[in-house]
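Colleague: Could you pull up the model, so that we can go through a few side-chain pairs and one of the helices?
Modeller: Here it is.

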Amino acid sequence: MALEDTINADLKTAMLAKEEATVRSLRAIKSSIMLIKTEKGFSGTVTPEREVQLLQKMVKQRRDSVSEFEKANRQDLIAKEVEEIAVIEKYLPAMMSADEVKAAIEKIIAEVGATSPKEMGKVMGAASKQLAGKADNKMVADTVKSLLGA
């Protein structure tokens, strides 16, 4: 079942159960999917990779908001964002552990033949394609830096 279908079904359930945070989060996801569908050059269906990117972007936006709200000492707004993050993360695939990321990066470095920090761009390009949606980009970059001795 496509993410949009799952979201619609879960939204109905959450509305009947009067779960305000879940309804708010699912409506945000649904809205983002609709925005993708109305983009110029859209080809019909949203790919699973694009869905994961969308959800990750939404989580990142909310985490950024949480850090800003902490600076402003707005606990009421922080609570809402944290609730939404929890709901959105339910629809994301499980992320790779640090050890799994390190093993994948070591394999990519061997494939690319990188030996110095100057070749970080080549490694990051390959890693971004292979690990998209499976690992946190910051963790990937930090792992590449440490393995290349940057």
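Colleague: How far apart in helix α2 are glutamate 20 and arginine 24?
Modeller: In this predicted model, the two are four residues apart in helix α2 (residues 20-37), and therefore separated by about one helical turn. Their side chains meet in a salt bridge, at 3.5 Å from N to O.

Colleague: And is glutamate 20 buried or exposed?
Modeller: Glutamate 20 counts as exposed because its relative accessibility is 56%, whereas arginine 24, at 21%, counts as partly exposed.

Colleague: Which other side chain does arginine 24 meet in a salt bridge?
Modeller: That of glutamate 83, at 2.9 Å from N to O. Arginine 24 lies in helix α2 and glutamate 83 in helix α4 (residues 75-89), so this pair ties together parts that are 59 residues apart in sequence. Glutamate 83 counts as partly exposed, at 38% relative accessibility.

Colleague: Switching topic, which residues of α5 are buried?
Modeller: Val101, Ala104, Ile105, Ile108 and Ile109 are buried in α5. They cover an arc of only 140 degrees around the axis, which puts them on the same side of α5.

Colleague: What covers them?
Modeller: The cover of these buried residues includes α6 (120-131) and α7 (137-148), while on the other side of α5, Asp99, Lys107 and Ala110 are exposed.

Colleague: What span should α5 have, and how far apart are its ends?
Modeller: At 1.5 Å a residue, the 15 residues of α5 (residues 98-112) should span 21 Å, and the end C-alpha atoms are 21 Å apart, which agrees. Just after α5, glycine 113 takes a positive phi of about 80 degrees.

Note on methods: Residues are numbered from 1 along each chain as its sequence is written. This is a predicted model: local features need pLDDT of at least 70, side-chain atom pairs count only at pLDDT 80 or more; totals for chains, interfaces and linings use all residues. Side-chain values use heavy atoms; hydrogens and water are left out. The expected span of a helix is 1.5 Å times one less than its number of residues. Buried means under 20% relative accessible area, exposed over 50%, partly exposed in between (1.4 Å probe, protein chains only). The arc is that of the directions from the helix axis to the C-beta atoms. Contact means heavy atoms within 4.5 Å. A salt bridge is a side-chain nitrogen of Lys or Arg within 4 Å of a carboxyl oxygen of Asp or Glu.
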